[in-house]
Amino acid sequence: MSTFSPGAFAPAPGRGRLGRMLVAQARIETALALRNGEQVLLTLLIPLALLIGLTVLKIVPLSEPRVNEVTPRILALAVMSSAFTGQAIALGFDRRYGVLKRLAATAIPRWLLGAGRVLAALTIVAIQVVILGVVAALLGWQPAVTGVLWAIVLVLLGTISFGALGVLLGGALRAEIVLAVANIVWFVLLLAGGIALPPSALPGGLGAIVELLPSGALAEGLHTVLTQGGPPGWQPVLVLIIWAAAAGGIATRTTRLT
């Protein structure tokens, strides 16, 4: 028989509440991403430089006002940078250094590790959108107010879609390979994935293919809702959902802890 009654001593050992664990995990992932200089360069400084450069410098032929044409595509680039490239590289090196293996040995459920990364990605994307939106407004950006809610939906779908692709890449390959592939894919999608140039400006039938990529779907969808104020149509939404479902399903089978 125990000498002391239950609850006589504190703290009581045991697993914390799932909600608190999720918030704590997301806060740590967000802080680590914001403290990483390379991540900040990729997710914020480069999109900012492109936003200002493409608006001020008439390198790419765009209709006036240029900032209205540039901003939706730079927002799509910001989502891709943080949710795909940043997540893939971070996950790849976490696996290399044994971080995931150690976290999996704790009381944190494995699904919560992924959910924490997704929530962190959404937090970083929200920060990016606010900063880029303020700078674009200073440059004269006037988005269609009636399309803002649709833009939020597209950003959420884009973050989930690119996040699933980031987990798929970062969870299956070696960290060095992930680093190279993620940066190459980012560069290719920037130039020929419907972000720097609209699909209509690409030669031949390449534009139709680009619209089926998550980068092209997100960029075109954001451009439609923020410049015209109407719904994006079924194609961008369906493309993002399909990519998210396919990449997420494959990632659950291929992601390794080490």
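Buried residues have a relative accessible area under 20%, exposed residues one over 50%, and partly exposed residues lie in between. The exercises below apply this to a predicted model.

**Exercise 1.** Decide whether Tyr97 is buried or exposed.

*Solution.* Begin with the relative accessible area of Tyr97, which is 55%. Then compare this value with the cut-off for exposed residues, which is over 50%. Tyr97 therefore counts as exposed.

**Exercise 2.** Describe where Ser81 lies and what surrounds this residue.

*Solution.* First, locate Ser81 in the chain: the residue belongs to helix H3, which covers residues 66–96. Next, consider its accessibility: the relative accessible area of Ser81 is 0%, so this residue is buried. Then list its contacts: leaving aside residues up to four places away in sequence, Ser81 touches Leu42, Thr43, Gly86 and Trp186. Finally, look at Trp186 again, since its side chain and that of Ser81 are joined by a polar contact of 2.8 Å.

**Exercise 3.** Find how many aromatic pairs there are, and classify each by the angle of its planes.

*Solution.* The count comes to two aromatic pairs when ring centres must lie within 6.5 Å. In one pair, the ring centres of Phe84 and Phe162 are 6.5 Å apart and the planes stand at 55 degrees, so this pair is tilted. Phe84 sits in helix H3 and Phe162 in helix H6 (residues 148–170), so that the pair links distant parts of the chain, 78 residues apart; both Phe84 and Phe162 are buried. In the other pair, the rings of Phe93 and Tyr97 have centres 6.1 Å apart and planes at 35 degrees, and this pair is therefore tilted.

Methods:
Residues are numbered from 1 along each chain as its sequence is written. This is a predicted model: local features need pLDDT of at least 70, side-chain atom pairs count only at pLDDT 80 or more; totals for chains, interfaces and linings use all residues. Side-chain values use heavy atoms; hydrogens and water are left out. Helices (H or I, at least four residues) and strands (E, at least two) are DSSP runs, numbered from the N terminus. Buried means under 20% relative accessible area, exposed over 50%, partly exposed in between (1.4 Å probe, protein chains only). A polar contact is a pair of N or O atoms within 3.5 Å; within protein, one must be able to donate a hydrogen and the other to accept it, and residues adjacent in sequence count only if both atoms are side-chain atoms. Contact means heavy atoms within 4.5 Å. Rings of Phe, Tyr and Trp (its six-membered ring) pair if their centres lie within 6.5 Å; planes under 30 degrees apart count as stacked, over 60 as edge-to-face and the rest as tilted.
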